[in-house]
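Here are some friendly exercises on reading a protein fold. Have the sequence and the 3D view ready, try each task yourself, and then follow the solution step by step.

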Amino acid sequence: MLVIERRPGEAQQEMNHDALRACLKSALLFAIPIGLLAVFAQPSGSHPENQADSIVVFAPHPDDEVIGCAGIIMQALARGARGKVVAITRGDGFPAAAAGATHKPVDQIGPDDFFALSRLRETESRTALGILGGKADDLILLGYPDGDLGNLYESTNDKIIRQQFTKKNDTYGLIKKDYHTFVHGKPAPYRRSYVLGDLVELMTTLQPTEIYVTDETDGHIDHRAAFWFVRDAAKRVGYKGAFYTYLVHGLPSWPFPPGVTPNQPFESRKVDGEVAPRALPWPPPRRVPLTPEQAERKLKSIQAHNIPVVGMPEHQSEMESFVKSEEVFWIPVARSR
């Protein structure tokens, strides 16, 4: 048997080398996510003097960002601010849109058709953001389940949710990797804690000075849940910047006046005796004017989202009705939830 004798101190040197290798490995593993996160914090515009000005628009689905905030996005990018759009879901849970995208009857669509819809909606969001002056890296896709954000937020035991249409239970990417896979090397399960964790991580990395998200009074549960998640993440990171909400599915009806009216502001009206939009102050606390050219670009960005929705011929015209001479925003008030 061959026996190797160690000189005095050699064993200690090997132990020191082992410890050093372990430390370097740990440091490398830690540095990889930090480096990848830095990709998302890259400037959007060409005016580095304005990069301290940073806006993040959180969209429950791909298209909500241009419906509510196209003007805000293009104005921010034009002045050289960093502008990012975070799509919380992939918009892959809309049967009528999946049928329209794949030219099939609604009762004959399956998971592959919802993946086709998901791919198309990502493509449309990238195109729309480009119309506003953004780049591909300005769109961040979390990939959580469309139609289930409310269920995720209300999940008290942090259980994994399975999306009924795609049959997926974790985040995924088709054209571009989902955020969690890109940064952490594996997808995130559809769990409440992971949605919140990704949002906290992004807020910490992007350091926004302005946040925009759908309002808590919105008629779509995903839109309300997006607000709750973003609000909770902002609290967790101690966010001190401006926090604004925008309205898409206003109740009992919204927006007014109907149609593409780039020379008119938004209006509040009575619908069946009820003031619309419901439960929000009017006039809104923030009104951002759009020039005619900006309103035209907003229209084009909305028209980039042109999936035919089976049984809803008015869907596209309703989205285009958000083209006005302004965009309107609210400041959330503290509620008991």
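**Exercise 1. Two helices that cross**

Find out whether H7 passes H8 in a left-handed or a right-handed crossing, and describe how the two helices pack.

*Solution.* Step 1: H7 passes H8 in a right-handed crossing. A crossing is left-handed if the near helix is turned anticlockwise from the far one by less than a right angle, and right-handed if clockwise. The names come from DSSP runs, numbered from the N terminus: helices (H or I) have at least four residues and strands (E) at least two.

Before going on, note that this is a predicted model, in which local features need pLDDT of at least 70 and side-chain atom pairs count only at pLDDT 80 or more, while totals for chains, interfaces and linings use all residues. Residues are numbered from 1 along each chain as its sequence is written, and side-chain values use heavy atoms, leaving out hydrogens and water.

Step 2: helix H7 covers residues 192-206 and helix H8 residues 221-237; their axes are 9 Å apart and make an angle of about 55°. Axes are lines fitted to C-alpha atoms, for helices over the stretch in contact, and angles run from 0 to 180 degrees between N-to-C directions.

Step 3: that angle makes H7 oblique to H8. The classes are roughly parallel (under 35 degrees), roughly antiparallel (over 145), roughly perpendicular (65 to 115) and oblique (the rest).

Step 4: look at the contact, where heavy atoms lie within 4.5 Å. H7 brings residues including Val195, Leu199 and Met203, and H8 brings residues including Phe229, Ala233 and Val237. By class, the contact of H7 with H8 has 10 nonpolar residues, one polar and three charged. Here Ala, Val, Leu, Ile, Met, Phe, Trp, Tyr, Cys and Pro count as nonpolar, Asp, Glu, Lys and Arg as charged, and the others, Gly among them, as polar.

**Exercise 2. The sheet and its helices**

Work out in what order the five strands of the open sheet stand, and which helices lie on the sheet.

*Solution.* Step 1: the order is E3-E2-E1-E4-E5, with parallel pairing. Two strands pair if DSSP finds at least two bridges between them.

Step 2: E3 (139-144) and E5 (242-246) are at the edges; each has a single partner strand, so one side of each lacks a neighbour in the sheet. From one strand to the next, the twist averages 15°.

Step 3: E1 (residues 54-59) and E4 (residues 210-214) run parallel and are joined by three bridges. Val56 has Ile211 of E4 as its bridge partner.

Step 4: H8 packs on the sheet, where it touches E1, E2, E4 and E5, and its direction makes about 150° with that of E4. Helix H2 (residues 64-78) lies across E1, E2 (82-89), E4 and E5, at about 170° to E1.

**Exercise 3. An aromatic pair**

Decide how the rings of Phe227 and Phe243 are arranged.

*Solution.* Step 1: the whole structure has 13 aromatic pairs. Rings of Phe, Tyr and Trp (its six-membered ring) pair if their centres lie within 6.5 Å; planes under 30 degrees apart are stacked, over 60 edge-to-face, and the rest tilted.

Step 2: the centres of Phe227 and Phe243 are 6.1 Å apart and the planes stand at 75°, so this pair is edge-to-face.

Step 3: Phe227 belongs to helix H8 and Phe243 to strand E5, so the pair ties together parts 16 residues apart in sequence.

**Exercise 4. Unusual backbone spots**

Locate two cis peptide bonds and a positive phi in a residue other than glycine.

*Solution.* Step 1: recall that most residues other than glycine have a negative phi, and most peptide bonds are trans.

Step 2: the bond joining Ala276 and Pro277 is cis, with omega about 5°. Pro277 sits in the loop between E7 (274-276) and E8 (286-289).

Step 3: the bond from Trp282 to Pro283 is also cis, with omega near 5°, and Pro283 is in the loop between E7 and E8.

Step 4: Asp272 has a positive phi, near 50°, and lies in the loop between E6 (269-271) and E7.
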